[in-house]
Amino acid sequence: KMVEAIKKQAENLIHLGLNYGYYETAANLAEKLAHITPGNLDTVFFSNSGAEAIDGALKLAKAATGRPAIIAFEGSFHGRTLGATAITASSSKYRRYYEPILGEVYHVPYPYPSQLKNIKEEEVEEYCLNQLHKLFDLRVDPSRVAAIIIEPVMGEGGYYPAPPSFLQALRKITEEHGILLIFDEVQTGFGRTGKMFAAEHANVTPDILVLAKALSGGMPLGAIVASRKLHEKCERPVMARHLVGIRFLVLQHWQT
């Protein structure tokens, strides 16, 4: 079915950069995504890859909040572009030759027992949350943090799911401090964890959901899904592209 769909599309129009225009199949995909993504995530921004979508999510978070800092997790892998590399912490090899890279990035422990030596398994979640609060106390005030980004199921760093209660605690903390919560579901999206999205296991809706891989079955495509309200907070020319909503298409060039 996928091969036939690719053939059919190639005979019509292979692709068009969505900052120049849009076409019917892109609009249809955006509408379908808006129907299946959780909560109020109803507006889609398409990119060419998962890493590019991660970079776009970071841009959106910074522009929408006006804050500079990003918090990610030890063991995480988010991609190989400079922005995605900056928040990746699964191996030092990814940043060895490219530093200095994106500033104002902080990492805290992921609640994965194998990564945390001398911490009892039943204390791992509390320990990680305490480390996050310690980061707020000692290194970056939460009022400067644009977003916390996490893989609901750690990928390359160990293939370990974050406890639902941990993701729920992150949701509470981010809401308390006006921080955006980003879920990187490039690897986990579209049924790979038993639900359409891993976020559903914890009943948590992030502010920004990043998708790729299974989204297109190998074709170069990624997506950022957020609420239209969040997208419209972005007044700077960060991503002057089409924001495709659940029932409409709007070509909006953000201007200062």
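This is a dialogue on how to read some features of a predicted model.

Me: Where do I start, and how many helices and strands does the protein have?

Reply: Start with the inventory. This predicted model has 8 helices and 9 strands. Along its principal axes, the C-alpha trace spans about 60 × 45 × 40 Å.

Me: What does the radius of gyration say about the protein?

Reply: The value is set against what a compact globule with this number of residues would have. For 256 residues that would be near 18 Å, and the protein has 18 Å, so the two agree.

Me: What share of the residues is buried?

Reply: A residue is called buried when its relative accessible area is under 20%. In the protein, 48% of the 256 residues are buried. The accessible surface comes to about 12900 Å², and carbon and sulfur atoms account for 50% of that area.

Me: How far apart in sequence are the residues that make contacts?

Reply: Take the contacts between residues at least 6 apart in sequence. Of these, 66% join residues at least 24 apart.

Me: How far apart are the mean positions of the positive and negative charges?

Reply: There are 27 positive and 27 negative charges, and their mean positions are 4 Å apart.

Me: How do I read the two faces of a strand?

Reply: In a regular strand, side chains alternate between the two faces of the sheet. Strand E1, residues 43–47, is a case to try. Thr-43, Phe-45 and Ser-47 point one way, while Val-44 and Phe-46 point the other way. All of these residues are buried. With 5 of its 5 residues buried, E1 is therefore largely enclosed by the rest of the structure.

Me: Which residues lie on each side of E5?

Reply: Leu-180, Ile-182 and Asp-184 are on one side of E5, and Leu-181 and Phe-183 are on the other. Both faces are covered, as these residues are all buried. Put as a count, 5 of the 5 residues of E5 are buried.

Me: Are the faces of E6 covered or uncovered?

Reply: Both are covered in E6, which runs over residues 208–211. Ile-208 and Val-210 are buried on one side, and Leu-209 and Leu-211 are buried on the other.

Me: Which strands pair, and in what sense? Take E4 and E5 to begin with.

Reply: Follow the strands one pairing at a time. Strand E4, residues 145–150, runs parallel to E5 and is joined to it by 4 bridges. In this pairing Ala-147 stands opposite Leu-180 in E5. E5, residues 180–184, then pairs with E6 in the parallel sense over 3 bridges. There Ile-182 stands opposite Ile-208 in E6.

Me: In what sense do E6 and E7 run?

Reply: E6 and E7 run antiparallel, with 4 bridges between them. Leu-211 stands opposite Ala-223 in E7. E7, residues 222–226, also pairs with E1, in the antiparallel sense over 5 bridges. Here Phe-46 stands opposite Ala-223. Ala-223 thus has Leu-211 and Phe-46 as its opposite residues.

Me: What should I look for in the backbone angles?

Reply: Look for departures from the usual pattern. Most residues other than glycine have a negative phi, and most peptide bonds are trans. Phe-190 has a positive phi, near 70°. Phe-190 is placed in the loop between E5 and helix H7, and is partly exposed with a relative accessible area of 23%. Lys-213 also has a positive phi, near 45°. Lys-213 lies in the loop between E6 and E7, and its relative accessible area of 45% makes it partly exposed.

Me: Which residues does the cis peptide bond join?

Reply: The bond joins Glu-99 and Pro-100, with omega about 0°. Pro-100 lies in the loop between helix H4 (82–87) and strand E3 (105–108).

Me: Is Thr-88 buried or exposed?

Reply: Compare its relative accessible area with the cut-off of 20%. Thr-88 has 1% and is buried. Thr-88 is found in the loop between H4 and E3, the loop that holds Pro-100.

Me: Which residues does Thr-88 touch?

Reply: Leaving out residues up to four places away in sequence, Thr-88 touches Ser-76, Phe-77, His-78, Gly-79, Tyr-94, Arg-95 and His-107. Phe-77 is 11 residues from Thr-88 along the chain, and their C-alpha atoms are separated by 4.7 Å.

Terms used
Residues numbered from 1 in each chain as written. Predicted model: local features only at pLDDT ≥ 70, side-chain atom pairs only at ≥ 80, totals over all residues. Heavy atoms only, no water. Helix = DSSP H or I, 4+ residues; strand = E, 2+ residues; numbered from the N terminus. Rg over C-alpha atoms; globule rule 2.2 N^0.38 Å. Buried < 20%, exposed > 50% of the residue type's maximum accessible area, 1.4 Å probe, protein only. Contact = heavy atoms within 4.5 Å. Areas by Shrake-Rupley, 256 points an atom, 1.4 Å probe, with all protein chains shown as cover. Lys, Arg positive; Asp, Glu negative; His and termini not counted. Charge placed at Lys NZ, Arg CZ, Asp CG, Glu CD. Pairing = 2+ DSSP bridges.
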